[in-house]
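Okay, thanks for squeezing me in, everyone. Let me put the structure up and then talk through a few charged pairs and some strands.

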Amino acid sequence: QVQLVESGGGLVQPGGSLRLSCVASGNIFRINAMAWYRQVPGKQRELVTYITSDGSTDIEDFVKGRFTTSRDNAKNTWYLQMNSLKPEDSAVYYCSADVRPSDSRNTYKYWGQGTQVTVSS
């Protein structure tokens with residue numbers, strides 16, 4: 001069993017910053033790509049950014065220059081640093097990871113429970 005737990009969401013004023021964290025635990029052999037998604041009510045979940053096992057990253061244009069991602073492989077943790085937040089960034093943010101469990105040769109995608117980010121004055 002693999003679990004992902006997010007933290008760091010909350011209410012912030014426009015222009016402010018938040019850092020989200022996601023910790024993976026459980027029966028883990030290897031974590032490949034780690035990613036952040038977000039979803040607002042009535043819309044599909046959208047990819048925000050991902051980071052591969054070797055540290056390569058990609059980030060969507062709508063947050064480029066404001067959001068960055070990083071990971072600490074030793075802690076099975078990855079982060080989403082969000083700066084210059086806008087009201088349209090308000091959403092539930094989900095972390096995900098492509099994980100090979102210790103008892104499997106396959107890789108599976110796991111999800112965190114989501115954390116609410118609200119940008120409002």
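**Salt bridges and strand pairing**

So, starting here: Lys 109 and Asp 98 make a salt bridge through their side chains, 3.4 Å from N to O. The two are eleven residues apart and link distant parts of the chain, with Lys 109 in strand E10, residues 108-111, and Asp 98 in strand E9. As for exposure, Lys 109 is partly exposed at 39% relative accessibility, and Asp 98 is also partly exposed, at 23%. Before I go on, keep in mind that this is a predicted model.

How many salt bridges are there? The count comes to five. Let me show you two others.

Next, Asp 89 with Arg 66: here the closest N and O atoms are 2.7 Å apart. Asp 89 sits in the loop between strand E8 (77-82) and strand E9 (91-101), while Arg 66 is in the loop between strand E6 (57-59) and strand E7 (67-72), so this pair ties together parts that are 23 residues apart in sequence. Are Asp 89 and Arg 66 buried or exposed? Both of them are buried.

Then there's Glu 46 with Arg 38, a side-chain salt bridge at 2.8 Å, N to O. Arg 38 counts as buried because its relative accessibility is 8%, and the cut-off for buried is under 20%. Glu 46, on the other hand, comes out at 32% and is partly exposed.

Now, Arg 38 and Glu 46 turn up again in the backbone pairing. Strand E4 (residues 28-39) and strand E5 (residues 46-51) pair antiparallel, over five bridges, and Glu 46 in E5 is the bridge partner of Arg 38. So what does the connection look like? E4 and E5 form a hairpin with six residues between them, and in the turn Gly 42 has a positive phi of about 85 degrees.

Moving along, E5 also runs antiparallel to E6, joined by three bridges. Thr 49 stands opposite Ile 59 in E6. That hairpin has five residues between the strands, and Gly 55 there takes a positive phi near 95 degrees.

One last residue, over in strand E3, residues 18-26: Ser 21. Ser 21 counts as buried, at 13% relative accessibility. Which residues is Ser 21 in contact with, leaving aside neighbours within four places in sequence? Those are Val 5, Glu 6, Ser 7, Trp 36, Trp 78 and Tyr 79.

That's my tour. Happy to rotate the view if anyone wants another look.

Terms used
Residues are numbered from 1 along each chain as its sequence is written. This is a predicted model: local features need pLDDT of at least 70, side-chain atom pairs count only at pLDDT 80 or more; totals for chains, interfaces and linings use all residues. Side-chain values use heavy atoms; hydrogens and water are left out. Helices (H or I, at least four residues) and strands (E, at least two) are DSSP runs, numbered from the N terminus. Buried means under 20% relative accessible area, exposed over 50%, partly exposed in between (1.4 Å probe, protein chains only). Contact means heavy atoms within 4.5 Å. A salt bridge is a side-chain nitrogen of Lys or Arg within 4 Å of a carboxyl oxygen of Asp or Glu. Two strands pair if DSSP finds at least two bridges between them.
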